[in-house]
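Here is a friendly walk through one protein model, written for someone who likes to look at the structure while reading. Keep the viewer open and follow along.

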Amino acid sequence: MKKLLTISIPTWNRELLLKELLDNLTQQIIQFSLESSVEILISDNHSEDTTWQLISSYQSNFKFISSNRNTSNIGAKSNVLKSMELANSEFVLFLGDDDRIRKDCLPE
């Protein structure tokens, strides 16, 4: 089923920043019962730290999270475009892994 919103997040070697953002987003999606209408899509630009393990862990725990891991670092611009190309929803919200959103903004 096509989602209403994809939250598209490109990342590279930013595990701690990504974790903060994912904690906020997953909490809101569950709190406001948005699991059927919102997906989180993370495009990892072949991180060299433990970012990919973090993404895999979240994906195992939350079915509304999907991911892509590039086979090599394709550069920031190409990873941003890739993260949006993979979205399968009516709307796309692009967030950098270091962006922060209000704790109650997703229902809006």
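## A look inside the fold

Leaving out residues up to four places away in sequence, Leu25 touches Ile7, Ile9, Ile40, Leu95, Ile101 and Leu106. Please keep in mind that this is a predicted model.

Some of these partners turn up again in the largest nonpolar core. That core has 22 residues, and Ile7, Ile9, Leu25 and Ile40 are the ones that touch the most other members. At least two residues of the core come from each of β1 (3-11), α1 (15-31), β2 (38-44) and α2 (51-61). The most generous of the elements is α1, which gives 5 residues to this core.

Ile9 is a good residue to centre the view on. Its place is in strand β1. Ile9 has a relative accessibility of 0%, so it counts as buried, the cut-off being under 20%. Setting aside neighbours within four places in sequence, Ile9 is in contact with Leu18, Leu21, Leu22, Leu25, Ile40, Leu41, Ile42, Ser43, Ser83, Leu95, Gly96 and Asp97. For one of these, Leu21, the C-alpha to C-alpha distance from Ile9 is 9.6 Å, with the two positions 12 residues apart in sequence numbering.

Next comes helix α2. Which of its residues are buried? They are Thr51, Leu54, Ile55 and Tyr58. These residues lie on the same side of α2, because they cover an arc of only 100° around the axis. What does this buried set pack against? Its partners are β1, α1, β2 and β3 (65-69).

## The largest pocket

The largest pocket holds about 150 Å³ of space. Its lining is made up of Pro10, Thr11, Trp12, Arg14, Asn45, Ala76, Asn79, Val80, Gly96, Asp97 and Asp98. Two elements, β1 and α3 (76-85), give two or more residues to this lining. Of the elements, α3 gives the most, with 3 residues. By residue type, the lining divides into 4 nonpolar, 4 polar and 3 charged. Gly96 and Asp97, which are among the lining residues, are also among the contacts of Ile9.

## Loops and less buried places

Away from the core, several residues deserve a look of their own. The table lists their relative accessible areas.

| Residue | Relative accessible area | Class |
|---|---|---|
| Ser33 | 55% | exposed |
| His46 | 29% | partly exposed |
| Glu35 | 33% | partly exposed |
| Phe91 | 47% | partly exposed |
| Asp99 | 31% | partly exposed |

Two of these residues have a backbone angle worth checking in your viewer. Ser33 has a positive phi of about 55°, although it is not a glycine. This residue is found in the loop between α1 and β2. His46 is not a glycine either, and its phi is also positive, at about 60°. You will find His46 in the loop between β2 and α2.

Glu35 is found in the loop between α1 and β2. Why does Glu35 count as partly exposed? The reason is its relative accessible area of 33%, which falls between the 20% limit for buried and the 50% limit for exposed. Not counting residues up to four places away in sequence, Glu35 touches Lys3, Ile29, Ile30 and Phe64. Glu35 and Phe62 are 27 residues apart in sequence, and their C-alpha atoms are 9.0 Å apart in space.

Phe91 belongs to strand β4 (residues 89-94). Which residues does Phe91 contact, leaving aside its neighbours within four places in sequence? The contacts are Leu4, Leu5 and Thr6. With Thr50, 41 residues away along the chain, the C-alpha separation of Phe91 is 30 Å.

Asp99 is found in the segment after β4. The C-alpha atoms of Asp99 and Asn88 are separated by 22 Å, and the two residues are 11 apart along the chain.

Definitions and conventions: Residues numbered from 1 in each chain as written. Predicted model: local features only at pLDDT ≥ 70, side-chain atom pairs only at ≥ 80, totals over all residues. Heavy atoms only, no water. Helix = DSSP H or I, 4+ residues; strand = E, 2+ residues; numbered from the N terminus. Buried < 20%, exposed > 50% of the residue type's maximum accessible area, 1.4 Å probe, protein only. Contact = heavy atoms within 4.5 Å. Core = buried A, V, L, I, M, F, W, Y, C linked by side-chain atoms within 4.5 Å. 1 Å grid on protein atoms, 1.4 Å probe; cavity = no way out; pocket = protein on both sides within 12 Å on 5 of 7 lines; lining within 4 Å. Points joined across faces, edges and corners; volume = space filled by probe spheres on them. Nonpolar A, V, L, I, M, F, W, Y, C, P; charged D, E, K, R; others polar. Arc of directions from axis to C-beta.
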